[in-house]
Amino acid sequence: LKTPQRTEAGAAAAASAAPEGPKAPGAAATSEQNAGAQSQWWSSRWRARPSAARDPVKAKTYLEIACEQGHAPACHNLAVMFKLGDTNVPADPTQHEKYATRTRELVKAAGAMQGLEVV
């Protein structure tokens, strides 16, 4: 399948048409920061793929960077990692609650998934 090319004019039109949602304290403020958070999250996912050698400590590092930049899925993955524990990453109820709370804040600020319980 061919991916359609985005032109600068098309990207500018899409950006101007998109409504700006509420910003949470500490949430990513610019598209560059969002891109960085997405990149860190995908990097952690790539490192956790079955064909690669697992490195939960390195994945945790990338997830922490993405979470600090306001990426809710990264915060959620950290909450799960600290709830269950992983190789060389012990379960830590305090860290679990910290990242679960951050996930809830980001989801609420985005106005998404209302009624979904974050564990």
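# Notebook: helices, core and salt bridges

I began with Thr103, which is found in helix α5. The model I am reading is predicted.

**Entry 1: Thr103**

Is Thr103 buried or exposed? Its relative accessibility is 3%, so Thr103 counts as buried. The cut-off I applied for buried is under 20%. I then looked for polar partners of the Thr103 side chain. One is the backbone oxygen of Tyr99, reached at 2.8 Å. Another is the backbone nitrogen of His76, reached at 3.1 Å.

**Entry 2: the chain as a whole**

I stepped back to the fold. The chain has 5 helices and 0 strands. In sequence order the pattern reads α-α-α-α-α. I looked up burial next: of the 119 residues, 29% are buried. The exposed surface comes to about 8200 Å². Carbon and sulfur atoms supply 58% of that area. For contacts with a separation of 6 or more, I asked what share joins residues 24 or more positions apart. The share is 51%.

**Entry 3: helix α5**

I returned to α5, which covers residues 93–110. I checked its length against the expected rise. With 18 residues at 1.5 Å a residue, α5 should span 26 Å. The end C-alpha atoms are 26 Å apart, so the span agrees.

Which residues of α5 are buried? They are His96, Tyr99, Ala100, Arg102, Thr103, Leu106, Val107 and Ala109. I traced what they pack against and found α3 (56–68) and α4 (72–84).

I looked at both ends of the helix. At the start, a side-chain oxygen of Asp92 comes within 3.0 Å of the backbone nitrogen of Thr94. Just after α5, Gly111 has a positive phi of about 70 degrees.

**Entry 4: the nonpolar core**

I pulled up the largest nonpolar core, which holds 15 residues. Which members touch the most others? They are Leu63, Cys67, Ala74, Leu78, Phe82 and Tyr99. Three elements give two or more residues to this core: α3, α4 and α5. The most comes from α4, with 7 residues.

I took Leu78 as a probe of its surroundings. I set aside its neighbours within four places in sequence. Leu78 is then in contact with Lys60, Leu63, Glu64, Cys67 and Tyr99. Two of these contacts, Lys60 and Glu64, come back in Entry 5.

**Entry 5: salt bridges**

How many salt bridges does the chain have? The count comes to 4. I went through three of them in turn.

*Arg54 and Asp86.* The closest N and O atoms of this pair are 2.8 Å apart. Arg54 sits in the loop between α2 (31–47) and α3, while Asp86 sits in the loop between α4 and α5, so the bridge ties together parts 32 residues apart in sequence. I checked exposure at the acid end. Asp86 has 28% relative accessibility, so it counts as partly exposed.

*Lys60 and Glu64.* These side chains meet at 3.4 Å, N to O. Why does the spacing suit a pair within one helix? Lys60 and Glu64 are 4 residues apart in α3, so about one helical turn separates them. An α-helix has 3.6 residues a turn, so residues three or four places apart point the same way. Lys60 and Glu64 are both buried. For Glu64 I noted 19% relative accessibility. The cut-off is under 20%, so Glu64 counts as buried. Leaving out neighbours within four places in sequence, I found Glu64 in contact with Leu78 and Tyr99.

*Arg102 and Glu105.* Here the closest N and O atoms are 4.0 Å apart. Both residues lie in α5, 3 residues apart, about one turn of the helix. I compared the two ends of the bridge. Arg102 is buried, with a relative accessible area of 15%. Glu105 is at 42% relative accessibility and counts as partly exposed.

**Entry 6: where the notes meet**

I cross-checked names that came up in several entries. Tyr99 is among the buried residues of α5. Tyr99 is also one of the core members that touch the most others. Its backbone oxygen takes the 2.8 Å contact from the Thr103 side chain. Tyr99 is in the contact list of Leu78 and in that of Glu64. Arg102 is another buried residue of α5, and it forms the salt bridge with Glu105.

Terms used. Residues are numbered from 1 along each chain as its sequence is written. This is a predicted model: local features need pLDDT of at least 70, side-chain atom pairs count only at pLDDT 80 or more; totals for chains, interfaces and linings use all residues. Side-chain values use heavy atoms; hydrogens and water are left out. Buried means under 20% relative accessible area, exposed over 50%, partly exposed in between (1.4 Å probe, protein chains only). Contact means heavy atoms within 4.5 Å. Accessible areas come from the Shrake-Rupley method with a 1.4 Å probe; for residues, only the protein chains shown count as cover. The expected span of a helix is 1.5 Å times one less than its number of residues. A polar contact is a pair of N or O atoms within 3.5 Å; within protein, one must be able to donate a hydrogen and the other to accept it, and residues adjacent in sequence count only if both atoms are side-chain atoms. A nonpolar core is a set of buried Ala, Val, Leu, Ile, Met, Phe, Trp, Tyr and Cys residues joined through side-chain atoms within 4.5 Å.
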